[in-house]
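Welcome, and thanks for taking a look at this one. Please keep the sequence and the model side by side as you read.

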Amino acid sequence: MNTPYLLPAMLTLAAGTYALRWTGPALRHRLRLSPRMIHLLDTGALILLAALVATATLPTGSGELGIALPAGVTVGGLLAWRRAPLLVTVLVAAATTALLRLAGVH
């Protein structure tokens, strides 16, 4: 690893993330979106969530999937779809997977 470039890269990414997060509140009252654009953004968020759920349930490297991981991801996806808080969604999904694995269901 080339460590002299690591700190500048981290600082650049941090500054870019901060700038992107700042633009939302800064442009909130200056930018008006049409109802169609709002609908498209909502649909895009749903498609992104579905893609995240789909990719999280695929096996990673070992080729062995089991049922615990897809069950946890499905529970998390359902909670996110029902607009549960993010922390609750993550904790319940992780607990579902952990409890199934603890019960011997892999």
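## Around Thr 89

Let's begin with one residue and its surroundings. Apart from neighbours within four places in sequence, Thr 89 touches Gly 76, Leu 79, Ala 80 and Ala 84. Thr 89 itself belongs to helix α4, which covers residues 86-102. Is Thr 89 buried or exposed? Its relative accessible area is 9%, and a residue counts as buried under 20%, so Thr 89 is buried.

## How far to trust the model

Keep in mind that this is a predicted model. The protein chain has a mean pLDDT of 86, with 92% of its residues at 70 or more. Which helix has the highest confidence, and which the lowest? Confidence peaks in α4, at a mean of 93, and is lowest in α2, at 85. As a general caution, predicted coordinates should not be read in detail where pLDDT is low.

## Helix α3 and its cover

Helix α3 takes in residues 68-81, which makes 14 residues. Does its length come out as expected, or not? At 1.5 Å a residue the helix should span 20 Å, and its end C-alpha atoms are 20 Å apart, so the two values agree.

Several residues of α3 are buried: Ala 68, Pro 70, Gly 72, Val 73, Gly 76 and Gly 77. The cover over the buried residues of this helix includes α2 and α4. Gly 76 links back to the opening section, as this buried residue of α3 is also one of the contacts of Thr 89.

## The turn at Arg 83

Just after α3 comes a residue worth a look at its backbone. Arg 83 sits in the loop between α3 and α4, and its phi is near 65°, a positive value in a residue other than glycine. For context, most residues other than glycine have a negative phi. As for its surroundings, Arg 83 has a relative accessibility of 77% and therefore counts as exposed, the cut-off being over 50%.

## A nonpolar patch on the surface

Now to the outside of the protein. Leu 27, Leu 31, Leu 33, Met 37, Ile 38, Leu 40 and Leu 41 make up a nonpolar surface patch, and together they have about 610 Å² of accessible area. Which element supplies the largest share of the patch? That is helix α2, residues 35-56, with four residues.

Leu 41 is one of the patch residues and is found in helix α2. With a relative accessible area of 48%, Leu 41 is partly exposed, because that value falls between the 20% and 50% cut-offs.

## Exposed residues and long separations

The loop between α1 and α2 holds Arg 30 and also Arg 32. Arg 30 is exposed, at 72% relative accessibility, and Arg 32 is exposed too, with a relative accessible area of 66%. How far apart are the C-alpha atoms of Arg 30 and Ala 98? They are separated by 46 Å, with their positions 68 residues apart along the chain. For Arg 32 and Thr 96, the C-alpha separation is 41 Å, and they are 64 residues apart in sequence.

Tyr 18 is placed in helix α1, residues 6-27. Its relative accessible area is 59%, so Tyr 18 counts as exposed. The C-alpha atoms of Tyr 18 and Leu 86 are 21 Å apart, and the two residues are 68 residues apart along the chain.

Key: Residues are numbered from 1 along each chain as its sequence is written. This is a predicted model: local features need pLDDT of at least 70, side-chain atom pairs count only at pLDDT 80 or more; totals for chains, interfaces and linings use all residues. Side-chain values use heavy atoms; hydrogens and water are left out. Patches are made of residues with over 30% relative accessible area and no salt bridge: like charges are joined within 9 Å, nonpolar side chains (Val, Leu, Ile, Met, Phe, Trp, Tyr) within 5 Å. Accessible areas come from the Shrake-Rupley method with a 1.4 Å probe; for residues, only the protein chains shown count as cover. A salt bridge is a side-chain nitrogen of Lys or Arg within 4 Å of a carboxyl oxygen of Asp or Glu. Helices (H or I, at least four residues) and strands (E, at least two) are DSSP runs, numbered from the N terminus. Buried means under 20% relative accessible area, exposed over 50%, partly exposed in between (1.4 Å probe, protein chains only). Contact means heavy atoms within 4.5 Å. pLDDT is the predictor's confidence in each residue, from 0 to 100. The expected span of a helix is 1.5 Å times one less than its number of residues.
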